Amino acid sequence: MNHFQWMAIVVSFILLLFVQLEAVSSSSINPYQVLNVGRDASQSEIRRAFKKLALQWHPDKNEDPQAQNKFIEIKNAYEILSDKEKRAEYDRFGYVRDDGASQQRGYQNPFHQFGMNDDIFSFMFQNNFDSSDEEHIINTVNMYQFKNEILPNSNYKPFVLEIFSNFCLKCVMIQSTWASISKELESIGLGTGQVDSDRDYALIQYLGVTALPSIYVVVEEEIYKYTGELSKKMLRNFIQDLLPMHLVEKVTDETNSTFFMQNNRPKLLLFSSRPSPSLKFLLLAMEFQNYVKFGMASLGDETKKLREQFDAHPSDPTAFLFKENQNVPFKTLLASDMKTGALHKLVEDNKYLNIPRLESQSMFYNLCQEKSILCIILFIDNPVLDEDVSKRFEEIITENYVYFDNIRMAYVPIRQQAAFYNSFDVGKLSTSTNKCEGVYHDKVMFLKRLEDNEVIYDWYENGWCDSLSNTQNLIIKGISYVTFKEKLKLKAVLAKLVDENAPNILRRMQRSLKFIIKTLKRLPNYVFRVEVIPFFMIPMVLLIVASLTSLMGPELANNHEMKRKKKREKSKLHAEISAFKLFQLSPNTEDALIHNAQHGHITMVILLLEGNSQDAKASPIYKSFASIMYIHRREFLSLSCCWLSLIKHKDWCQRLIGRITSIDESLNGCVVAINGYRRYFMLLKLPAVREIRSNNDDDSNCGEFLGMEDLDNIEASAKQLKHRLPDWIGRLREGSLTRYSVESWPKMLITDDL
């Protein structure tokens with residue numbers, strides 16, 4: 001070995017030693033001293049100390065030249081003390097060298113000691129791929145979300161998961177393609193997500209992942225691995241083959257009587273030239289399978305009589321929605337009307353009959369939502385409602401004799417639901433002595449839910465006769481309760497409705513068998529990957545599982561009850577959010593909300609393009625804002641939430657925020673937090689959303705007639721708002737947002753307009 005070789009070895013050794021010492025010194029900060037807390041400090045004390053120091057040394061607020069370094073030091077100290085494993089390692093050795101997630105996986109990041117993060121390969125490709133879907137946000141899924149959200153919801157909405165790793169070169173290379181595919185799949189009604197194999201080993205093990213990157217599809221709580229190439233068209237075809245085809249019934253002239261058989265649900269019949277249901281139509285059927293019956297008919301000779309009966313278009317697709325009257329469509333949607341989301345909106349707005357039968361507790365909760373909905377309930381002696389009654393209400397609705405909102409109607413057969421009926425004070429009933437020309441009902445009730453099964457109600461005095469004038473009077477009486485002109489006087493706690501659709505013994509046996517099969521399918525992921533059980537013990541384990549399953553009847557029943565309870569709680573939360581009221585900021589309300597606001601009061605304003613309350617409430621942006629503010633409302637001492645029409649009050653917006661941003665349509669979905677007492681405001685402006693239209697050849701079948709194509713700008717803005725607003729509210733409460741002071745608040749003019 002010559003002189004130069006020895007010199008190269010010595011220099012390499014010195015450089016490596018320097019890097020090692022640098023790594024140790026960089027991780028050898030004393031986090032307790034940095035955050036100024038004791039070694040016995042609790043997590044809440046550590047969080048408070050971190051927030052206080054982070055606000056003090058944030059580079060945007062502190063002009064000290066060392067602010068950025070100090071801020072990074074504070075952040076690193078918090079990362080150590082907020083992680084139990086890192087904190088324990090520091091307390092034991094005096095420094096932390098390895099990432100906790102890597103230790104949990106049983107390996108170490110080989111590039112950590114050289115100062116490189118987990119995105120080591122990203123710099124190679126950050127400028128080499130199309131960034132058209134850069135703003136599309138893909139949710140990262142963990143084990144808890146998978147088991148508690150994705151699996152149960154996959155019965156109504158399939159999910160597609162990409163498994164990746166930051167150390168996988170191919171994973172990094174396909175990220176742009178996956179973002180584009182994910183955006184399209186979400187636009188047609190699928191759920192998407194990513195699983196980081198470096199951080200969630202339990203979920204990787206549960207899925208049985210053996211290679212990276214991988215694509216898995218979850219449908220009806222079953223997991224399927226996609227092994228084809230990463231193509232939009234091939235992935236759509238793979239998903240379509242997994243969906244339950246039985247949800248869409250094939251209808252012909254000979255089989256239409258079976259489809260139209262009364263089953264207490266609206267029916268959607270689609271005439272189409274396609275030989276089988278499209279992916280979008282199947283997804284729609286999955287989403288509303290508990291509410292609407294779906295059918296599909298061809299445009300051939302086998303449906304000639306049906307097409308003539310309903311006047312369907314001979315070549316273009318036509319959708320008919322039926323309610324009680326099976327001979328006349330309640331709504332018709334032609335191909336020219338099937339714009340973005342039109343078919344979905346049609347089903348969403350008509351997922352109940354005009355007068356459905358209350359056949360389960362969940363239906364009662366969904367139909368008669370807490371406080372916001374008035375229910376008119378008919379108690380009848382027969383199991384089925386008279387056809388004349390159903391036709392009378394359909395006539396009133398379709399002919400617009402009476403306009404009513406927040407009113408739902410339903411009927412209850414007394415014999416099948418005796419316990420529910422006996423919960424009410426029947427002694428308060430009164431009957432009419434007048435002669436009724438139509439069908440007379442003496443047991444008619446106005447009802448509102450308060451909480452769970454607690455209700456307030458009143459019987460309809462003298463009963464109801466189903467003539468046109470009496471029906472109008474019934475609705476008008478209901479409107480008086482909705483508008484609080486009259487009050488419901490009686491109270492009751494109701495017995496639960498008997499579930500008329502409860503599974504019989506055969507269906508329960510099928511579910512048990514399905515559970516056993518799922519367990520056996522998942523078992524090899526643990527047997528072979530974790531090597532807990534030797535191969536020769538597999539038959540014994542299977543025998544034990546089969547034996548235990550036969551004894552798990554009560555446990556399965558308890559699990560089913562827990563799922564129903566969670567579903568009721570979710571329905572209750574959804575109803576509360578729906579009832580959460582947003583005021584309209586207008587000349588009539590601005591004094592109370594801004595000019596005369598009390599000390600500490602914050603007014604949150606969402607800016608919308610809509611000009612009236614009805615259109616604003618239907619906006620996805622309005623709904624996203626209301627749901628987020630409902631959750632965060634208790635974090636403020638005094639809070640009002642409202643919406644402002646950019647169209648009507650553009651001049652007011654110009655006077656308030658015109659100095660910091662242009663006033664145009666891009667402000668749709670932006671939020672202004674106003675402190676009227678202290679005369680300052682803060683602004684959350686969403687980034688501009690670009691409407692992306694893909695020209696890929698694989699997209700030829702994507703923009704079809706069903707009205708569920710790509711997300712429009714409004715829905716994209718709503719998604720951006722849902723993602724950004726919670727963090728913005730956190731910064732608002734911490735006081736780290738930029739405040740814009742005003743000398744005086746501008747006054748709204750009644751004539752403000754574009």
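Which residues form a disulfide, and how far apart are their sulfur atoms? In this predicted model, cysteine 368 and cysteine 375 form the disulfide, with their sulfur atoms 2.0 Å apart. The legends below take up this link and several other close-up views.

**View A. The disulfide of cysteine 368 and cysteine 375.** A search of the whole structure finds one disulfide, and the link between cysteine 368 and cysteine 375 is left-handed, with -115° about the S-S bond. Both ends of the link are buried: cysteine 368 has a relative accessible area of 1%, and cysteine 375 has a relative accessibility of 2%.

**View B. Cysteine 642 and its closest cysteine sulfur.** The closest cysteine sulfur to that of cysteine 642 belongs to cysteine 641 and lies 7.5 Å away, which is too far for a bond because a disulfide requires sulfur atoms within 2.5 Å. Cysteine 642 is buried, with a relative accessible area of 0%, and cysteine 670, at 0% relative accessibility, likewise counts as buried.

**View C. The open sheet of six strands.** The strands follow the order β17-β19-β18-β20-β21-β22, and their pairing is mixed. At the edges stand β17 (583–584) and β22 (740–741), each of which has a single partner strand, so that one side of each is left without a neighbour in the sheet. Within the sheet, strand β18 (residues 601–608) and strand β20 (residues 671–675) run antiparallel and are joined by four bridges, and isoleucine 606 stands opposite valine 671 of β20. Helix α26 (residues 620–632) lies across β18, β19 (638–645) and β20, and runs at about 160° to β18.

**View D. The largest nonpolar core, centred here on phenylalanine 294.** This core has 40 residues, and those with the most contacts inside it are Leu235, Ile239, Leu268 and Phe294. At least two residues of the core are supplied by each of α10 (175–187), β3 (214–219), α12 (232–242), β6 (267–271), α14 (279–287), β7 (293–297), β8 (318–322) and α16 (342–349), and α14 gives the most, with seven residues. When neighbours within four places in sequence are left aside, phenylalanine 294 is in contact with Leu247, Val248, Glu249, Phe259, Leu268, Phe281, Leu284, Ala285, Phe288 and Val347. Another core, of 30 residues, lies apart from the largest one and has Phe580, Leu608, Ile621 and Leu686 among its members.

**View E. Serine 586 in the loop between β17 and α24 (590–595).** Serine 586 is buried, with a relative accessible area of 12%, because the limit for a buried residue is under 20%. Not counting residues up to four places away in sequence, serine 586 touches His649 and Met748.

**View F. Phenylalanine 420 and phenylalanine 424 within a cluster of aromatic rings.** The count of aromatic pairs in the model comes to 26. In the pair formed by phenylalanine 420 and phenylalanine 424, the ring centres are 5.6 Å apart and the planes stand at 80°, so the pair is edge-to-face, a class that requires planes over 60 degrees apart. Phenylalanine 420 and phenylalanine 424 are both buried. Ring pairs link these two residues with Phe364, Tyr365, Phe379, Tyr421, Tyr457 and Trp459 into a cluster.

Methods
Residues are numbered from 1 along each chain as its sequence is written. This is a predicted model: local features need pLDDT of at least 70, side-chain atom pairs count only at pLDDT 80 or more; totals for chains, interfaces and linings use all residues. Side-chain values use heavy atoms; hydrogens and water are left out. Buried means under 20% relative accessible area, exposed over 50%, partly exposed in between (1.4 Å probe, protein chains only). Two strands pair if DSSP finds at least two bridges between them. Contact means heavy atoms within 4.5 Å. Axes are lines fitted to C-alpha atoms, for helices over the stretch in contact, and angles run from 0 to 180 degrees between N-to-C directions. A nonpolar core is a set of buried Ala, Val, Leu, Ile, Met, Phe, Trp, Tyr and Cys residues joined through side-chain atoms within 4.5 Å. Rings of Phe, Tyr and Trp (its six-membered ring) pair if their centres lie within 6.5 Å; planes under 30 degrees apart count as stacked, over 60 as edge-to-face and the rest as tilted.
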